[in-house]
Amino acid sequence: MLKNLNDLFDVAHKLPPEVFDDIEKRITDWMASGGKATDPYIQRQLMYAELWLRRRGEYEGSNSRKVECE
């Protein structure tokens, strides 16, 4: 499970540039508006990145489950 921004940066190379750029922009905008790295919004961005990687078989983090694509 991606738990923090460092975890996101560790797997960034596995994400397509457009996916990572979108997540990074959302996080940057959130932080610039006064948000914190521990806010639920940031956790949702981390979850999106993790789900994207799992669906494509690129992530095998702790407690990982295989997610089947249709």
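**Exercise 1.** In which helix is Arg44 found? State whether Arg44 is buried or exposed, and find how far Arg44 lies from Ile23 in sequence and in space.

*Solution.* The structure is a predicted model.
- Step 1: Arg44 is found in helix α3.
- Step 2: The relative accessible area of Arg44 is 51%. The cut-off for exposed is over 50%, so Arg44 counts as exposed.
- Step 3: Along the sequence, 21 residues separate Arg44 from Ile23, and their C-alpha atoms are 10.0 Å apart.

**Exercise 2.** Describe the overall make-up of the protein: its helices and strands, its buried share and its exposed area.

*Solution.*
- Step 1: Count the elements. The protein has three helices and zero strands, and the pattern along the sequence is α-α-α.
- Step 2: Take the burial. Of the 70 residues, 34% are buried.
- Step 3: Take the surface. About 4,900 Å² is exposed, and 51% of this area comes from carbon and sulfur atoms.
- Step 4: Look at the contacts between residues at least 6 apart in sequence. Within this group, 50% join residues at least 24 apart.

**Exercise 3.** At what angle do helices α2 and α3 pack, and which residues make the contact?

*Solution.*
- Step 1: Choose the quantities. Two packed helices are described by the angle between their axes and the distance between the axes.
- Step 2: Read them off. Helix α2 covers residues 17-32 and helix α3 covers residues 40-55; their angle is about 175°, and the axes are 10 Å apart.
- Step 3: Classify the angle. Angles over 145 degrees count as roughly antiparallel, and α2 and α3 are therefore roughly antiparallel to each other.
- Step 4: List the residues. On α2 the contact is made by Val19, Ile23, Arg26, Ile27 and Trp30, and on α3 by Tyr41, Ile42, Gln45, Tyr48, Ala49 and Trp52.
- Step 5: Sort these by class. The contact has nine nonpolar residues, one polar residue and one charged residue.

**Exercise 4.** How many salt bridges does the structure hold? For each pair, give the N to O distance and the spacing in the helix, with accessibility where it is available.

*Solution.*
- Step 1: The structure holds three salt bridges.
- Step 2: Take Asp22 and Arg26. Their closest N and O atoms are 3.0 Å apart. The two residues are four apart in helix α2, so about one helical turn separates them. Asp22 is partly exposed at 33% relative accessible area, and Arg26 is partly exposed at 38%.
- Step 3: Take Lys25 and Asp29. Their side chains form a salt bridge with an N to O distance of 3.0 Å. Both residues lie in helix α2, four residues apart, which is about one turn of the helix. With a relative accessible area of 41%, Asp29 is partly exposed.
- Step 4: Take Arg54 and Glu50. Here the closest N and O atoms are 2.5 Å apart. The residues are four apart in helix α3, so the separation is about one helical turn.
- Step 5: Check the burial of this last pair. Buried means under 20% relative accessible area. Arg54 has 10% and therefore counts as buried; Glu50 has 3% and therefore counts as buried.

**Exercise 5.** Where is Leu15 found, and which residues does Leu15 contact beyond its neighbours within four places in sequence?

*Solution.*
- Step 1: Leu15 is found in the loop between α1 and α2.
- Step 2: The relative accessible area of Leu15 is 6%, so this residue is buried.
- Step 3: With neighbours within four places left aside, the contacts of Leu15 are Leu8, Phe20, Ala49, Trp52 and Leu53.
- Step 4: For Ala49, the separation from Leu15 is 34 residues in sequence, and the C-alpha atoms are 7.8 Å apart.

**Exercise 6.** Is Lys3 buried or exposed, and which residues does Lys3 touch beyond four places in sequence?

*Solution.*
- Step 1: Lys3 lies in the segment before α1, a helix of residues 5-11.
- Step 2: Lys3 has a relative accessible area of 54% and is therefore exposed.
- Step 3: Residues up to four places away are not counted; Lys3 then touches Gln43 and Leu46.
- Step 4: Lys3 and Ile42 are 39 residues apart along the chain, with 9.8 Å between their C-alpha atoms.

How values were computed
Residues numbered from 1 in each chain as written. Predicted model: local features only at pLDDT ≥ 70, side-chain atom pairs only at ≥ 80, totals over all residues. Heavy atoms only, no water. Axes fitted to C-alpha atoms, helices over the stretch in contact; angles between N-to-C directions. Parallel < 35°, antiparallel > 145°, perpendicular 65-115°, else oblique. Contact = heavy atoms within 4.5 Å. Nonpolar A, V, L, I, M, F, W, Y, C, P; charged D, E, K, R; others polar. Salt bridge = Lys/Arg side-chain N within 4 Å of Asp/Glu carboxyl O. Buried < 20%, exposed > 50% of the residue type's maximum accessible area, 1.4 Å probe, protein only. Areas by Shrake-Rupley, 256 points an atom, 1.4 Å probe, with all protein chains shown as cover.
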